[in-house]
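The exercises below are to be worked through with the sequence and the coordinates at hand. Each task is followed by a solution in steps.

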Amino acid sequence: MKTIKRLLSIILIVAIAAASLVIWQGYEMYSDAVAKVSVEEKAAEIMKQDHYTTYEELPETYVKAVIAAEDRRFQYHKGFDIISTARAAWRNFKSKEIVEGGSTITQQLGRIMYFSQEKKYSRKVAEVLVAGRIEELYDKDEIFELYVNTIYFGSGYYNVYDASMGYFGKKPADMNDYECTMLAGIPNAPSVYSPDVNPTLAEQRRQQVLTCMAEAGYIQPGDIE
């Protein structure tokens, strides 16, 4: 029994040490990033881009579709969602690798602003810290606006305006419900769900978005076909 307790104590100490190292590495990554270019400067760069689309120019259906599909608790968390993170951590533990990020919209924005897509826990820590800073500086509408003006939509489209024009031949404000829900699903896996690449999978993903919207209470089943 004493041997087992001693072994468990050693495992706990090692786990705490490993977690502390990851947190420290993540903090250093965050500090270095924002020291070179502040969050305010990064956001200003995004806002100066050609075809920048404001929140007011986005259809309500599109906004709800993105939130339902990507970050259902977006309006309530402060950049980090412990519930979705815990769920993702459990799935990663069972898979013995990082298969789900559990990132909020704000975290995704922070990652696009500063970091690579490399799946490392230290990067996740840095991402959370950047997200916290973004939430301090901007309201939810502004964060959502910055997000859809930076994410990749496949087929060479790196913002919502270019994607809407490229896929549908119209500005974001003019998208109908079908187009809104289609576009909302693409960033999850742009190379897979691009309508230009695989219309069948794109439609399947759109149906998933509709399911998410119904589960979130935004629509009733069948409201949008």
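**Exercise 1. A residue of helix 8 and its partner in a loop**

Tyrosine 161 is found in helix 8. The model to which this and the following exercises refer is a predicted one. Determine whether tyrosine 161 is buried or exposed, and state which residues tyrosine 161 touches beyond four places in sequence.

*Solution.*

Step 1. The relative accessible area of tyrosine 161 is 18%. Buried means under 20%, so tyrosine 161 counts as buried.

Step 2. Leaving aside residues up to four places away in sequence, tyrosine 161 touches His51, Thr53, Lys171 and Pro172.

Step 3. Histidine 51 is separated from tyrosine 161 by 110 residues in sequence, while their C-alpha atoms lie 6.1 Å apart in space.

**Exercise 2. Positive phi angles outside glycine**

Describe the backbone, the location and the accessibility of histidine 51 and of serine 155.

*Solution.*

Step 1. Most residues other than glycine have a negative phi.

Step 2. Histidine 51, although not a glycine, has a positive phi of about 65°. Histidine 51 belongs to the loop between helix 2 and helix 3. Its relative accessibility is 42%, so histidine 51 counts as partly exposed.

Step 3. Serine 155 is not a glycine either, and its phi is positive at about 55°. The loop between helix 7 and helix 8 holds serine 155. With a relative accessible area of 34%, serine 155 is partly exposed.

**Exercise 3. The overall architecture**

How many helices and how many strands are there in the protein, and what percentage of its residues is buried?

*Solution.*

Step 1. The protein contains eleven helices and zero strands. Along the sequence, the pattern reads α-α-α-α-α-α-α-α-α-α-α.

Step 2. Of the 225 residues, 42% are buried. The accessible surface comes to about 12,500 Å², and carbon and sulfur atoms account for 56% of it.

Step 3. Among contacts between residues at least 6 apart in sequence, 64% join residues at least 24 apart.

**Exercise 4. The largest nonpolar core**

Identify the residues with the most contacts inside the largest nonpolar core, and find which helix supplies the largest share of this core.

*Solution.*

Step 1. In soluble globular proteins, nonpolar side chains tend to be buried together.

Step 2. The largest nonpolar core has 45 residues, and those with the most contacts inside it are Tyr62, Ile134, Phe144, Phe153, Leu183 and Met213. Helix 3 (residues 60–70) contributes six residues, the largest share of this core.

Step 3. Leucine 183 serves as an example. Beyond four places in sequence, its contacts are Tyr62, Phe153, Val160, Ala163, Ser164, Tyr167, Phe168 and Met175.

**Exercise 5. Two enclosed helices and their crossing**

Why is helix 3 largely enclosed by the rest of the structure, and why is helix 7? Describe then how helix 3 and helix 7 cross.

*Solution.*

Step 1. Eight of the eleven residues of helix 3 are buried, so the rest of the structure largely encloses helix 3. The buried residues are Thr61, Tyr62, Val63, Ala65, Val66, Ile67, Ala68 and Glu70. They pack against helix 5, helix 7, helix 8, helix 9 and helix 11.

Step 2. In helix 7 (residues 140–148), seven of the nine residues are buried, so helix 7 is likewise largely enclosed. Lys140, Ile143, Phe144, Glu145, Leu146, Tyr147 and Val148 are the buried ones. Their packing partners are helix 2 (39–47), helix 3, helix 5 (105–114), helix 6 (121–137) and helix 8 (160–168).

Step 3. The axes of helix 3 and helix 7 come within 12 Å and cross at roughly 85°. The two helices are therefore roughly perpendicular to each other.

Step 4. Helix 3 contributes Tyr62, Val63, Val66, Ile67 and Glu70 to the contact, and helix 7 contributes Phe144, Tyr147 and Val148. By class, seven of these residues are nonpolar, none is polar and one is charged.

**Exercise 6. The crossing of helix 9 and helix 11**

At what angle do the axes of helix 9 and helix 11 cross, and which residues meet?

*Solution.*

Step 1. Helix 9 (residues 177–185) and helix 11 (residues 199–215) have axes that come within 8 Å and cross at roughly 100°. Helix 9 is therefore roughly perpendicular to helix 11.

Step 2. From helix 9, Tyr178, Thr181, Met182, Ala184 and Gly185 meet Ala202, Glu203, Arg205, Arg206, Val209, Leu210 and Met213 of helix 11. The residues of this contact comprise seven nonpolar, two polar and three charged.

Note on methods
Residues numbered from 1 in each chain as written. Predicted model: local features only at pLDDT ≥ 70, side-chain atom pairs only at ≥ 80, totals over all residues. Heavy atoms only, no water. Axes fitted to C-alpha atoms, helices over the stretch in contact; angles between N-to-C directions. Helix = DSSP H or I, 4+ residues; strand = E, 2+ residues; numbered from the N terminus. Parallel < 35°, antiparallel > 145°, perpendicular 65-115°, else oblique. Contact = heavy atoms within 4.5 Å. Nonpolar A, V, L, I, M, F, W, Y, C, P; charged D, E, K, R; others polar. Buried < 20%, exposed > 50% of the residue type's maximum accessible area, 1.4 Å probe, protein only. Areas by Shrake-Rupley, 256 points an atom, 1.4 Å probe, with all protein chains shown as cover. Core = buried A, V, L, I, M, F, W, Y, C linked by side-chain atoms within 4.5 Å.
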